[in-house]
Amino acid sequence: MAKELRDDERQMVADMIARARIAMGLVEDWSQAQLDRLAQAIAWYAGNEKTFTRLAEQGVDESGIGDRAGRPAKRFKIHMVLRDVLRTPSTGIVEVDEAKGLVKYAKPAGVIASLVPMTNPAMTPPVTGVSSANARNAVIFSPHPRTAQTTWEMVEMMRAACRAVGAPEDLFQSIRHPSIPMTQHLMEECDLTLATGGKPMVKAAYSSGRPAYGVGAGNSSIVI
């Protein structure tokens, strides 16, 4: 029999979304300089060599898959995402098209549900968090059950980064004990879903009734 969503799980999701919306309201008027500083803090707290190496190796141990020796180098992806974010305006006027008489203003997408695969429980949260927070979004992470502890600890590091620069820590939250029904409900209630994982997960995200971006399993083969 398929597991059903419990009332306490439903309430937990509602409470997390409510706290996320409050956090977004607190950074609604932040300047580009403040948002850039927040992005830098997240990247440093999550992507410094000591912290990322510990959590990346913990993720391998927790999941039972992967290579401990190769995981720490993945932290540089966080740095690359930060580089791109700092070159892109994310608040106020971001584009002026004088020929068409158009002025574009940046606005948050809202509360984002981020589904974290067990293959990258330490890297996915900060990579998502750097760009999401810079655009004044809040993120609720739903980790894979097999690597929930690693994702929880990484999100705690990101919350510490928020506190360090005066941002509300509830811009980032993680489900402590995830389940498929709770993740499904989270996707249905949030404003946008980022789904990284296998084909069933991506299909579920696209079927949630909310906007979603999905990245399925497998790296592409490239012939040079």
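**Overall build and a surface patch**

The chain contains 8 helices and 7 strands. Its radius of gyration is 18 Å, close to the 17 Å expected from the globule rule for 224 residues, so the chain is as compact as a globular protein of that length. The model is a predicted one. Taken along the principal axes, the box filled by the C-alpha atoms is roughly 55 × 40 × 40 Å.

The contacts and the burial add to this picture. Among contacts in the chain with a separation of 6 or more, 71% are between residues 24 or more positions apart. Of the 224 residues, 47% count as buried. Seen from outside, the chain exposes about 11,800 Å², and 55% of that area is supplied by carbon and sulfur atoms.

One part of the surface can be followed residue by residue. Ile93, Val96, Val103 and Tyr105 form a nonpolar patch there, and together these residues have about 410 Å² of accessible area. Two elements each give two or more residues to the nonpolar patch: strand S1, which spans 92-97, and strand S2, which spans 102-106.

Val96 serves as an example from this patch. This residue lies in strand S1. Is Val96 buried or exposed? Its relative accessibility is 52%. The cut-off for exposed is over 50%, and therefore Val96 counts as exposed.

Note on methods:
Residues numbered from 1 in each chain as written. Predicted model: local features only at pLDDT ≥ 70, side-chain atom pairs only at ≥ 80, totals over all residues. Heavy atoms only, no water. Patch = residues over 30% accessible without salt bridge, like charges linked within 9 Å, V, L, I, M, F, W, Y side chains within 5 Å. Areas by Shrake-Rupley, 256 points an atom, 1.4 Å probe, with all protein chains shown as cover. Salt bridge = Lys/Arg side-chain N within 4 Å of Asp/Glu carboxyl O. Helix = DSSP H or I, 4+ residues; strand = E, 2+ residues; numbered from the N terminus. Buried < 20%, exposed > 50% of the residue type's maximum accessible area, 1.4 Å probe, protein only. Rg over C-alpha atoms; globule rule 2.2 N^0.38 Å. Contact = heavy atoms within 4.5 Å.
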